[in-house]
Amino acid sequence: MEQDIQDKRGWVRWLAMGGVCAVLILLMPPVRAFFIVEGRRWLYIFLLAFATAFTMTPVMMRLGRRWGLVDQPAGRKIHQTATPRIGGIAVYLGFAGAVLANSALLGDMGAILFAGSLLLVVGVWDDARELPAWVKLAAQLLAAGLVISSGVLLNLLPPGPVGNALNVFLTFLWIVGITNAFNFFDGMDGLATGLAILMAFFMGLVAYETDQPVLAWLAVAIVGASLGFLPYNFRTGQRPAMIFLGDGGSTFLGFTLACLAVKGNWADDNPIVSFSNPLLIFGILIYDMIHITVERIVTGKVSTVKEWIDYVGTDHLHHRLARLLGSRQASVSVIFVVTICLGLSAIVLRHADTRDAILLLAQEALILLLITILEQAARRE
């Protein structure tokens, strides 16, 4: 009801029209050439991604309602009104449009976008028809396989038959694990979108420091597209989201971020730093995935892989923090703060020696342990 009233007021329409004008101006060749000549291509990519997502989100809101692609309120869900859930398409168009307009898809980056596009389509299909969990998992494995076959691969173990096989296995585990962990966090207004912004920001920062401009451009495109979508998904006060990312959007963002982490070269001369940087930036996702998996197995909620895939519950970190703090927005804020702390540690870690790196990692582990203790204490009350 509130969304309809907002539409009648027309402010969304006027903002979208302003976004269209911004996109048209940015697409003019002299404007693009100006940014490139001035050495500000990253800013051009950011602005184009932001303006495109900001413009297309109201369009997706209307199309979602017209096509019936809305998330209906239900028992375990926290929203009270039917809400469009194809906002991920607007984020995707912002990201893809910005990187394609700047010819930023060099080498295996094209495979990442193609595989991510496949998951977006499967996710939107799931939003419309609710696919079985094994179909979504098969699509994720196929997408990860496409990226790995293009050469995007972890190199944690030395070359050789066993080392190569384990590197492929660990790459599958990382990409599929992060993709699903990110999708699980799309359970509160603004949470998944905000995490995408923060994680892409820190990845982009490290990429610039390590002279990886293409990787940094793709990270900037994620930041811009997600920020263009955020005002419709995370609103002030008690006002609910006007649109959700949907499975298509959250899966696409999680998959793309996971692949960029594999693609990146995080440190040249220190294996601890190279291994730990992505772990810190994605730390909140990894922590929640491990926590819920162990707890569900110990409490007997799941006993097979199929049961784990099919299980849907309100035991994720954001649910537990909301119960502890009595506020969903407070829960989202705490998760953002912890993610920023982990990301800052990743930046500092790059300039640390081995001893300091180990101390930094121990400090971040203690922060996550503190959160676990608070959760357990609240559960006993």
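**Contacts, helices and salt bridges in a predicted chain**

Apart from its neighbours within four places in sequence, Leu27 makes contact with Tyr44 and Leu48. The model in which these contacts are found is a predicted one. Leu27 belongs to the loop between α2 (11-26) and α3 (29-37), and with a relative accessible area of 47% Leu27 is partly exposed, because this value falls between the limits of 20% and 50%. With respect to a residue far along the sequence, Leu27 and Phe182 are separated by 155 residues, and their C-alpha atoms are 32 Å apart in space.

As to the chain as a whole, 17 helices and two strands are assigned. The radius of gyration of the chain is 21 Å, close to the 21 Å given by the globule rule for 381 residues, so the chain is as compact as a globular protein of that length. Taken along the principal axes, the box filled by the C-alpha atoms is roughly 60 × 55 × 35 Å. Of the 381 residues, 51% count as buried, and the chain exposes about 17600 Å², of which carbon and sulfur atoms supply 68%. Among the contacts in the chain with a separation of 6 or more, 73% are accounted for by residues 24 or more positions apart.

A pair of residues separated in sequence is provided by Val99 and Ile45, which are 54 residues apart along the chain while their C-alpha atoms are 7.0 Å apart in space. Val99 is found in helix α5 (residues 87-101), and Val99 counts as buried because its relative accessibility is 0%, which is under 20%.

Helix α13 may be considered next. The 16 residues of helix α13 (residues 283-298) should span 22 Å at 1.5 Å a residue, and the end C-alpha atoms are 22 Å apart, so the expected and the computed span agree. The buried residues of α13 are Gly283, Ile284, Leu285, Tyr287, Asp288, Met289, His291, Ile292, Glu295 and Arg296. Just after α13, Gly300 adopts a positive phi of about 80°. In helix α15 (residues 317-325), the buried residues are Leu317, His318, His319, Arg320, Leu321 and Ala322, and the helix is followed by Gly326, whose phi is also positive, near 75°. As a general point, an α-helix has 3.6 residues a turn, so residues three or four places apart point the same way.

Side chains of opposite charge can pair when their charged atoms come close. In this model the count of salt bridges comes to five. One of them joins the side chains of Arg320 and Asp288, with an N to O distance of 3.9 Å; Arg320 lies in helix α15 and Asp288 in helix α13, so the pair ties together parts that are 32 residues apart in sequence. Arg320 is buried, with a relative accessible area of 4%, and Asp288 is likewise buried, with a value of 1%. A further salt bridge is formed by Asp315 with Arg296, the closest N and O atoms being 2.8 Å apart. This pair links distant parts of the chain, 19 residues apart, with Asp315 in the loop between α14 (305-310) and α15, and Arg296 in helix α13. Both Asp315 and Arg296 are buried.

The side chains of Asp126 and Lys136 also meet in a salt bridge, at 3.4 Å from N to O. Asp126 is located in helix α6 (residues 109-129) and Lys136 in helix α7 (residues 133-149), ten residues apart. Asp126 is buried, with a relative accessible area of 6%, whereas Lys136 counts as partly exposed at 25% relative accessibility. Asp126 and Lys136 are, moreover, linked with Asp247 in a network of salt bridges.

On the surface, a nonpolar patch is formed by Leu156, Leu157, Val162, Leu166, Phe275 and Leu279, which together have about 500 Å² of accessible area. The elements that contribute two or more residues to this nonpolar patch are α8 (161-184) and α12 (271-281). Leu279 lies in helix α12, and at 32% relative accessibility Leu279 counts as partly exposed. Leu279 can belong to a patch because its value is over the 30% that is required for patch residues.

How values were computed: Residues are numbered from 1 along each chain as its sequence is written. This is a predicted model: local features need pLDDT of at least 70, side-chain atom pairs count only at pLDDT 80 or more; totals for chains, interfaces and linings use all residues. Side-chain values use heavy atoms; hydrogens and water are left out. Helices (H or I, at least four residues) and strands (E, at least two) are DSSP runs, numbered from the N terminus. Buried means under 20% relative accessible area, exposed over 50%, partly exposed in between (1.4 Å probe, protein chains only). Contact means heavy atoms within 4.5 Å. The expected span of a helix is 1.5 Å times one less than its number of residues. Patches are made of residues with over 30% relative accessible area and no salt bridge: like charges are joined within 9 Å, nonpolar side chains (Val, Leu, Ile, Met, Phe, Trp, Tyr) within 5 Å. Accessible areas come from the Shrake-Rupley method with a 1.4 Å probe; for residues, only the protein chains shown count as cover. A salt bridge is a side-chain nitrogen of Lys or Arg within 4 Å of a carboxyl oxygen of Asp or Glu. The radius of gyration is taken over C-alpha atoms; the globule rule is 2.2 Å times the number of residues to the power 0.38.
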